[in-house]
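Trainee: I would like to go through this structure and ask what the terms rest on.
Mentor: Go ahead; here it is.

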Amino acid sequence: MSRTITLPAPPRTREVYSKAIGAMLPVIGKSGSVGPDALIPDTRFRLDDVRVDADRLHDYCRATGQRFGSALPLTYPFVMQFPLVMKLMTLREFPFGAVGSVHVENTIRRRRPIGIDEPLTIETHAQNLREHRKGMLIDVISEFTVGSEVVGEQVGTFLRQQRTSLSDEPRGPEPKQVAPPPPDAVLTVDLGRIRGYAEASGDRNPIHMGNLAAKAFGFPRAIAHGMWSAAAAIANVEAQLGDDVTYAVRFGKPILLPAKVNLYTTRIDGTGAVSAASGTSSSGNFDISILDRRKGFPHLTATTRSS
């Protein structure tokens, strides 16, 4: 039977990251493969009367390019629920380690604009453990309410890399790497900007904070947060999105810092794709991608769809 634990305050992300790193150590850490029948914690973490810190939100907008106004940016609910996600993923019975898991997909449903002065209740749980060719996937889901009104949902899908029964399935041909077409915009990001995002978002995963720490986890240099790229990718179209909108993101190869990457934004109307710069009235529906500037491989592919 599911149990709900209401926390008196958001967990401190520095503390849960220390716990997450400890879980990687020999003997005390989580080891071995995870089977599709592994148990998922039946715990739900809840926070009541969550208030937005306007200074922190301003810093977040500065780091991502999103608007600072009377309503929350579309991607900000991810930040608000992130301490609960880390709290859940650092439970001893959670099948994955929080550090080392790969955030592969993210979906945010905003049912209506959320005012920055509205008190929120956030409740977070995990479900849907399943096999993937590259390992095991699990969804971590958060629901946002104002009073009894559900105003949004957030789903993060995380991958633990290992062999599974699907690992030997035939793979399609590797996409050819070719120089991409001229972009709609170029995003520039460096370690300073990502550290600013980490401070504003609370996501201080070592792979984002410096080159030495990133190398310890197998990266040649520090990498940008996937959710930084998700936020930066919609900054220019944020004002054109519908009130009730779903933003679905799939993350590709990480962005190694420093970097310049190509941003593509295509508006989708009732009949198909049209130029984002054509002046056609917006439906609030866009196809979005961030590609490597030289080889054209994707760092991010995404859609926004109004309900």
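Mentor: Start with one term: contact means heavy atoms within 4.5 Å. In this predicted model, residues 24 or more positions apart account for 72% of the contacts in the protein chain with a separation of 6 or more.

Trainee: What does the secondary structure of the protein chain come to?
Mentor: It comes to 7 helices and 12 strands. Of the 307 residues in the protein chain, 48% are buried.

Trainee: Why is Asn262 called buried?
Mentor: Buried means under 20% relative accessible area. Asn262 has 3%, so it is buried. Asn262 lies in strand β9, residues 259-269.

Trainee: What makes the pair of Asn262 and Arg293 a polar contact?
Mentor: A polar contact needs N or O atoms within 3.5 Å, one able to donate a hydrogen and the other to accept it. The side chains of Asn262 and Arg293 make such a contact at 3.1 Å, and therefore the distance falls within the cut-off.

Trainee: Which residues is Asn262 in contact with, leaving aside its neighbours within four places in sequence?
Mentor: Among them are Pro180, Pro181, Val186, Leu291 and Arg293.

Trainee: The loop before β9 holds Pro258. What is the peptide bond from Leu257 to Pro258, cis or trans?
Mentor: That bond is cis, with omega near -5°.

Trainee: Why is Phe219 called partly exposed?
Mentor: Partly exposed lies between the 20% and 50% limits. Phe219 has a relative accessible area of 24%, so it belongs in that class. Its place is in the loop between α6 (211-216) and α7.

Trainee: Which residues does Phe219 touch, not counting those up to four places away in sequence?
Mentor: Phe219 touches Ile207, Ala214 and Pro254. The C-alpha atoms of Phe219 and Ile207 are separated by 7.7 Å, and these two residues are 12 apart along the chain.

Trainee: How do you know that β1 and β2 pair?
Mentor: Two strands pair if at least two bridges are found between them. Strand β1 (residues 3-6) is joined to strand β2 (residues 43-50) by 4 bridges, so the two pair. They run parallel, and Ile5 has Phe45 as its bridge partner in β2.

Trainee: How does β2 run relative to β4, parallel or antiparallel?
Mentor: β2 and β4 (residues 120-132) run antiparallel, joined by 4 bridges. Val50 stands opposite Leu120 in β4.

Trainee: What is the phi of Asp49 in β2?
Mentor: Asp49 has a positive phi of about 55°, although it is not a glycine. With a relative accessible area of 48%, Asp49 is under the 50% limit and therefore partly exposed. In strand β4, Asn128 has a positive phi of about 65° and is partly exposed at 38%.

Trainee: Which residues of helix α4 are buried?
Mentor: In α4 (residues 191-201) they are Ile194, Tyr197, Ala198, Ala200 and Ser201. The buried residues of α4 pack against α2, α3, β7, α5 and α7. Gly202 follows α4 and has a positive phi near 85°.

Trainee: What lines the second largest pocket?
Mentor: That pocket is lined by 23 residues, with Pro10, Pro11, Arg51, Arg56 and Pro83 nearest its centre. About 520 Å³ of space lies in it. Its lining has 12 nonpolar, 2 polar and 9 charged residues.

Trainee: Why do Pro10 and Arg51 fall in different classes?
Mentor: Pro counts as nonpolar and Arg as charged, so the two are classed apart.

Key
Residues numbered from 1 in each chain as written. Predicted model: local features only at pLDDT ≥ 70, side-chain atom pairs only at ≥ 80, totals over all residues. Heavy atoms only, no water. Buried < 20%, exposed > 50% of the residue type's maximum accessible area, 1.4 Å probe, protein only. 1 Å grid on protein atoms, 1.4 Å probe; cavity = no way out; pocket = protein on both sides within 12 Å on 5 of 7 lines; lining within 4 Å. Points joined across faces, edges and corners; volume = space filled by probe spheres on them.
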